[in-house]
Amino acid sequence: MIELKKLCKVYKTADKEIVALDNIDLCIEDGEIFGIIGLSGAGKSTLVRCINLLEMPTDGEVIIDGQSLTKLPRNELLKLRQQIGMIFQSFNLLEQRTVLKNVCFPLEIAGVNKREATERAHELLKLVGLDDRAQSYPSQLSGGQKQRVAIARALATQPKYLLCDEATSALDPNTTRQILDLLKEINEKLGVTIVVITHEMKVIDRICDSVAVIDASHIAEVGKVSQVFTNPKSKIARDLIVPKDSTAIDTEGGRRIRLTFDGYEKTNDPFISRMVLECGAAVNILFADTRIYDGVLHGHMVVELPKEQREANKIITWLVNNDVKWKEEI
Amino acid sequence: MLSEMFYKLWNNNLIQLGVWETIYMTFISSAFAYIIGLPLGVILNITDKKGICPRPGVNSVLGLVVNFFRSIPFIILMVAMLPVAKLVVGTQLGNKAVIVMLIIAAAPYVARMCESSLNEVNAGVIEAAQSMGANNLEIIFKVLIPEAKPALITGASISIVTILGYSAMAATLGGTGLGQIAIIYGHQRSNDDITWICVFLTVIIVQIIQVIGSYIARKTDKRINH
């Protein structure tokens, strides 16, 4: 378990202090994929670097498996870092080493003998699907392949934790999906606890169990993804999760309402069609973003009601009777 | 066409000896300049405020010393360092003394050259090594130097050519080699052909160093697709 207690990070420049992290309290349970989302400059990269003390927090504590890191002597901290793998947005592979030697690198640091290290590196390259490129150099690989090598390298010392700093931000959507699926697989197969830093909701959505939303150096909101996704409490979470109204097409029709689903059980129920048929009135779907967590429907939908008042009321009544949450869309 | 003096020198193998002495002095001095300069470059790099072991005090003092030696023209530095040469090799004369002065002049230059090559190493790669628990020594020997190798080699060929230039100037203080032949037999005895032959031979040596340096740098750099 990773615990952050009252974590603060202040950068001092000549004439002012910049607060990067302000009183961060977080708890990351073993075995989960924990997402930290925020806009650029919110402090999320600093936050993840405080977990393995690449950045020394100004105040507060980092506790991993009950051990406070800030008080550890340097050589013990270095040892402990071998239990925390890390991957980066820019991959950060050693350009002058082959793929195989890159994966061997953390094992060299850990003092594993060469034969054993090579064997382990091949296993990991198989896991990430790149064993055939063992003798290639990073410059000969694509972005997605480089990140796979970086993942293999980060896992070489069999860490309990894996920190991912914007690991998919430099990749195209297809490759992003493959890398995320690989991370999910690693989490499930090897039981590695993964901390994902990102500015993209789709990353959180695809693999995370829990999420913390960070804004202006604070944790704005934290909870299970399904919870935060369906019922965002903070403004920043709403901005990140619920796309702005601008995504809904501007129409000059009737009232627009937003339907919210947080735990609509009957996922097979074609309820919009049912509503239209039962009310005998048509609605215009302007925007929809829904998905299913644990067999339960979550998400949002913006619909335009018919101009005619009587038909509109019919639909509202139907929604109330069928327990669908809605609110007026401005 | 050529002067009598040229044939005299050539037949006595003096020009051939000059070429050899120039090469020999350059490479001996370069080797020692690197033995001193490379560690200095590493220290300058790692003690920088963005380095892996920031020590602003050490960095600025060392930087100042390096800049001090680099700002003195070689010909003046040579005269000033005569006592040091005497201290180290027991004489102020001849090639031994010249080599000492070449090393003193070249080491700060090499230090800056190495520092700038090491600065080119991607900070992210160093951070990655730190995240794996590498200590500073491991980062220097397993990340910084190997990753900067192609730049270090390119830098070395530039440094060696500079040292070769210095070695010719050393003729004014009794150093031998092509510089001495050009000054004594070419300039002082007004044999322009000998001066030009020395120029020509120097150009050839520089070219060879440059070509070999670039070749090795290209061969070692794994960032290019082969």
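This report covers a predicted model with chains A and B, going from chain B to chain A and then to the contact of the two.

**Chain B: overall build**

Chain B has 10 helices and 0 strands. From the N terminus on, its elements therefore read α-α-α-α-α-α-α-α-α-α under the helix and strand assignment used. The C-alpha trace of chain B spans about 70 × 45 × 25 Å along its principal axes. Of the 226 residues in chain B, 42% are buried. Among contacts in chain B with a separation of 6 or more, 70% join residues 24 or more positions apart.

One residue illustrates such a separation along the chain. B:I35 is found in helix α2 (residues 14-47) of chain B. Its C-alpha atom is separated by 9.9 Å from that of B:A111, and the two residues are 76 residues apart along the chain. Is B:I35 buried or exposed? B:I35 has 12 other C-beta atoms within 10 Å, so it is exposed. The cut-off for that class is 12 or fewer.

**Two helix pairs**

Two packed helices are described by the angle between their axes and the distance between the axes. One pair from each chain follows.

| Helix pair | Axis distance | Angle |
|---|---|---|
| α6(B) (residues 94-119) and α8(B) (residues 136-169) | within 9 Å | roughly 150° |
| α3(A) and α5(A) (residues 143-155) | 7 Å | about 30° |

Take the pair in chain B. The angle between α6(B) and α8(B) is roughly 150°. Angles over 145 degrees count as roughly antiparallel. The helices α6(B) and α8(B) are therefore roughly antiparallel to each other. Their crossing is right-handed. Residues of α6(B) in this contact include B:L102, B:A105, B:Y109, B:M113 and B:L118. On the α8(B) side, the residues include B:L144, B:A148, B:L152, B:I158 and B:Y166. By class, the contact of α6(B) with α8(B) has 15 nonpolar and 5 polar residues, with no charged residues.

Now the pair in chain A. The axes of α3(A) and α5(A) are 7 Å apart, at an angle of about 30°. Angles under 35 degrees count as roughly parallel. So α3(A) and α5(A) are roughly parallel to each other. The crossing of α3(A) and α5(A) is right-handed. From α3(A), the contact uses A:V99, A:N102, A:V103, A:F105 and A:P106. From α5(A), it uses A:V149, A:A152 and A:R153. The classes in this contact are 6 nonpolar, 1 polar and 1 charged.

**Chain A: domains**

The domain assignment splits chain A into domain 1 (2-240) and domain 2 (245-328). Taken over C-alpha atoms, the centres of domain 1 and domain 2 of chain A are separated by 39 Å. How many residues does each domain of chain A bring to their contact? Domain 1 of chain A gives 4 residues, and domain 2 of chain A gives 4 residues. The side of domain 1 of chain A that touches domain 2 of chain A has 1 nonpolar and 3 polar residues, and no charged residues.

**Chain A against chain B**

The contact between the chains takes 20 residues from chain A and 21 residues from chain B. On the side of chain A that touches chain B, α2 (74-81) and α3 (99-109) of chain A each supply at least two residues. Which element gives the largest share of that side of chain A? It is α3(A), with 4 residues. By class, the side of chain A that touches chain B divides into 9 nonpolar, 7 polar and 4 charged residues.

Conventions:
Residues are numbered from 1 along each chain as its sequence is written. Chains are lettered from A and ligands numbered from 1 in the order in which they are written. This is a predicted model: local features need pLDDT of at least 70, side-chain atom pairs count only at pLDDT 80 or more; totals for chains, interfaces and linings use all residues. Two residues are in contact if their C-beta atoms, placed from the backbone, lie within 7 Å. Ala, Val, Leu, Ile, Met, Phe, Trp, Tyr, Cys and Pro count as nonpolar, Asp, Glu, Lys and Arg as charged, and the others, Gly among them, as polar. Domain bounds come from an automatic or database domain assignment. A residue is buried if 20 or more other C-beta atoms lie within 10 Å of its own, exposed if 12 or fewer, and partly exposed in between; C-beta atoms are placed from the backbone. Axes are lines fitted to C-alpha atoms, for helices over the stretch in contact, and angles run from 0 to 180 degrees between N-to-C directions. Angles under 35 degrees count as roughly parallel, over 145 as roughly antiparallel, 65 to 115 as roughly perpendicular and the rest as oblique. A crossing is left-handed if the near helix is turned anticlockwise from the far one by less than a right angle, and right-handed if clockwise.
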